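Student: I have a new structure open and would like to learn how to read it. Could you walk me through it feature by feature?

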Amino acid sequence: MWTIDRERTTLEGAGLGLLAAVSVGVLGALGRRALAPTPAPAWAPHAAATTVRAAKRLNNSSALLALSVLADSSIEHYRGMFFNKIMLLPILSSALTLGSSLHGAHDETAVGHRLRHAIAAASACIGLAGGGFHLYNVTKREGGFSWANLFYSAPLGAPYALILAGVMGTAAEHVRDSSRGKLRLFDLPVGRTMAVLAAGGIAGTVAEASLLHFRGAYHDPFMFVPVTIPPIAAGLIAKAAWERRPRWPRLTRAWLWLTAAIGFAGSGFHVYGVSRNMGGWRNWSQNVLNGPPIPAPPSFTGLALAGLAALDLLQEKRND
């Protein structure tokens, strides 16, 4: 018991130290940026409209991912009885990201918002730390990396939805705030960068769905849908990222919208899956915890919206 308490105290101390470091960094960045004048957009009105539309789609993508993380982590960490107080962090950060992203989704200006940018960056850092905690949770169990631990321990892919929510929110502000019409993210063309990130995010979500649906033995034929259709969308948007001009924009756009629809449909199937457990929704307090995760599938929708935003930017001539 003493060993468990010491391990728990160490993890909480490390997590609080990380939170303090992130908070100091965010406050420092806000302080430095507050002293600098806000750059005015210098591109043509049509190009500005394109970038604002893409930024709003990225904000919508970030909001959906943050909502998925907020609901999923609240349920799963409640099921874990918040054994480690650090388990409260993704709930807080995803709630802040959701609020800031919804604010950005209704922002028609072509200038980035400093507070939204800071919240998104902090959430990405917290998600990265959460990935380390989940990895540790798997490896510390008897057997290490085994099928049983991958099935029933902390899900390795869950924290990366928060990372992607933060990245999409950060990218939205970069798209709005690009000076002289040069769209750059991580010193790379933002359209191509976002296309690669969207493709990678969809592929990672497919991998997690494959693992959990394999655990369910694919007992329903519809369980094959999220592991067959979204990979094609990931391949199409990745292909567009490497082309000078997207060759199949209509097909890529249609397949991304189909992937977005699959995200919402998946939640409906998961609601039905919860109802099939003993007691159905009359026993919701137990079945929601033990049934298929209802908030998980909309991650496909959020990433598909990011892919659509990237496609808009790739089709903009200024991005060549």
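Tutor: Happy to. Start with confidence, since this is a predicted model. Over residues 1-7 pLDDT stays under 50, and the model has 3 contacts beyond four places in sequence for them. Residues 26-46 also stay under 50 in pLDDT, with 26 contacts beyond four places in sequence.

Student: How should I treat places where pLDDT is low?

Tutor: Where pLDDT is low, the predicted coordinates should not be read in detail. For the chain, the average pLDDT is 80, and 81% of the residues score at least 70.

Student: Which elements does the chain have, and how many of each?

Tutor: You'll find 11 helices and 2 strands. Going from the N terminus, the order is α-α-α-α-α-α-β-β-α-α-α-α-α.

Student: What share of the chain is buried, and what share of the contacts joins residues 24 or more positions apart?

Tutor: Of the 320 residues in the chain, 47% are buried. As for contacts with a separation of 6 or more, 75% of them are between residues 24 or more positions apart.

Student: Let's look at a helix. How do I check the span of H7 against its number of residues?

Tutor: Begin with the general idea: an α-helix has 3.6 residues a turn, so residues three or four places apart point the same way. For the span, use a rise of 1.5 Å a residue: the 26 residues of H7 (residues 190-215) should then cover 38 Å, and the end C-alpha atoms are 37 Å apart, which agrees. You can do the same with helix H11 (residues 298-315), where 18 residues should span 26 Å and the end C-alpha atoms are 26 Å apart, so that agrees too.

Student: How many residues of H11 are buried?

Tutor: H11 is mostly covered, with 17 of its 18 residues buried.

Student: Back to H7, then. Is valine 190 buried or exposed?

Tutor: Valine 190 is found in helix H7. Its relative accessibility is 1%, and buried means under 20%, so valine 190 counts as buried. You can also locate it against alanine 172, which is 18 residues away along the chain: the two C-alpha atoms are separated by 9.8 Å.

Student: What follows H7?

Tutor: That's a nice spot for reading backbone angles. In general, most residues other than glycine have a negative phi. Here H7 is followed by alanine 217, whose phi is positive, near 60 degrees. Alanine 217 sits in the loop between H7 and helix H8 (229-242). Tyrosine 218 lies in that loop between H7 and H8 as well, and this tyrosine has a positive phi of about 45 degrees although it is not a glycine.

Student: Is alanine 217 buried or exposed?

Tutor: With a relative accessibility of 58%, and with exposed meaning over 50%, alanine 217 counts as exposed.

Student: How many cavities of 30 Å³ or more are there, and how much space lies in the largest cavity?

Tutor: The count is 1 cavity of 30 Å³ or more. About 40 Å³ of space lies in the largest cavity.

Student: Which residues line the largest cavity, and which helices supply them?

Tutor: The lining is made of Asn59, Ser100, Ser101, Arg116, Ala120, Gly169 and Glu173. At least two residues each come from helix H3 (89-105), helix H4 (114-139) and helix H6 (158-176). Sorted by class, the lining has 1 nonpolar, 4 polar and 2 charged residues.

Technical notes
Residues numbered from 1 in each chain as written. Predicted model: local features only at pLDDT ≥ 70, side-chain atom pairs only at ≥ 80, totals over all residues. Heavy atoms only, no water. Helix = DSSP H or I, 4+ residues; strand = E, 2+ residues; numbered from the N terminus. Expected span 1.5 Å × (residues − 1). Buried < 20%, exposed > 50% of the residue type's maximum accessible area, 1.4 Å probe, protein only. 1 Å grid on protein atoms, 1.4 Å probe; cavity = no way out; pocket = protein on both sides within 12 Å on 5 of 7 lines; lining within 4 Å. Points joined across faces, edges and corners; volume = space filled by probe spheres on them. Nonpolar A, V, L, I, M, F, W, Y, C, P; charged D, E, K, R; others polar. pLDDT = per-residue confidence, 0-100. Contact = heavy atoms within 4.5 Å.
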